[in-house]
Amino acid sequence: MANLKDAFIVRPLPESDEFIITIGNHLATEEKFKSRKAAEMRINKTDWNLVSALVYALKEADKWAKENPELVKQNEEEK
């Protein structure tokens, strides 16, 4: 997948004229849209590649903190 925005799927709500956004089988937002175009515009408002880079960096920082609890504690004591 070259662009993470492609992971989002706009789906029509059954028995409704509204649309939702999902990622896989999970609801990406509780927001409902009056058109497919409006849902696509909402997806395109965000640079999802930047968001994923942030999530990855946070995950790596969390992993480091779990592997180095003594350094985390020392840093907290120095504050």
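Here are some short exercises on the structure above, each with a worked solution.

Before you start: the model is predicted, so local features need pLDDT of at least 70 and side-chain atom pairs count only at pLDDT 80 or more, while totals for chains, interfaces and linings use all residues. Residues are numbered from 1 along each chain as its sequence is written, and side-chain values use heavy atoms, with hydrogens and water left out.

**Exercise 1. Work out in which order the elements of the protein chain run.**

Step one: count the elements. The protein chain has three helices and three strands, taken as DSSP runs numbered from the N terminus (helices are H or I, at least four residues; strands are E, at least two).

Step two: read along from the N terminus, and you get β-β-β-α-α-α.

**Exercise 2. Compare the radius of gyration of the protein chain with that of a compact globule of 79 residues.**

Step one: get the yardstick. The radius is taken over C-alpha atoms, and the globule rule is 2.2 Å times the number of residues to the power 0.38.

Step two: set the values side by side. The rule gives a value near 12 Å, but the protein chain has 19 Å.

Step three: look at the box. Along the principal axes, the C-alpha atoms fill roughly 55 × 25 × 20 Å.

Step four: check burial. Buried residues make up 15% of the 79, where buried means under 20% relative accessible area, exposed over 50% and partly exposed in between (1.4 Å probe, protein chains only).

**Exercise 3. Find the largest nonpolar core and the elements that feed it.**

Step one: recall the rule. A nonpolar core is a set of buried Ala, Val, Leu, Ile, Met, Phe, Trp, Tyr and Cys residues joined through side-chain atoms within 4.5 Å.

Step two: list the members. The seven residues are Phe8, Val10, Phe19, Ile21, Phe33, Ala39 and Ile43. At least two residues of this core come from each of β1 (8–12), β2 and α1 (36–44).

Step three: zoom in on isoleucine 21. Leaving aside neighbours within four places in sequence, its contacts (heavy atoms within 4.5 Å) include Phe8, Phe33, Ala39 and Ile43.

**Exercise 4. Is threonine 22 buried or exposed, and which side chain does threonine 22 join in a polar contact?**

Step one: place threonine 22, which sits in strand β2 (residues 19–23).

Step two: check accessibility. Threonine 22 counts as buried because its relative accessibility is 5%.

Step three: find the partner. The side chains of threonine 22 and arginine 11 share a polar contact of 2.7 Å; the term means a pair of N or O atoms within 3.5 Å, and within protein one must be able to donate a hydrogen and the other to accept it, with residues adjacent in sequence counting only if both atoms are side-chain atoms.

**Exercise 5. Describe glutamate 15 and its phi.**

Step one: glutamate 15 lies in the loop between β1 and β2.

Step two: its phi is near 55°, a positive value in a residue other than glycine.

Step three: at 88% relative accessibility, glutamate 15 counts as exposed.
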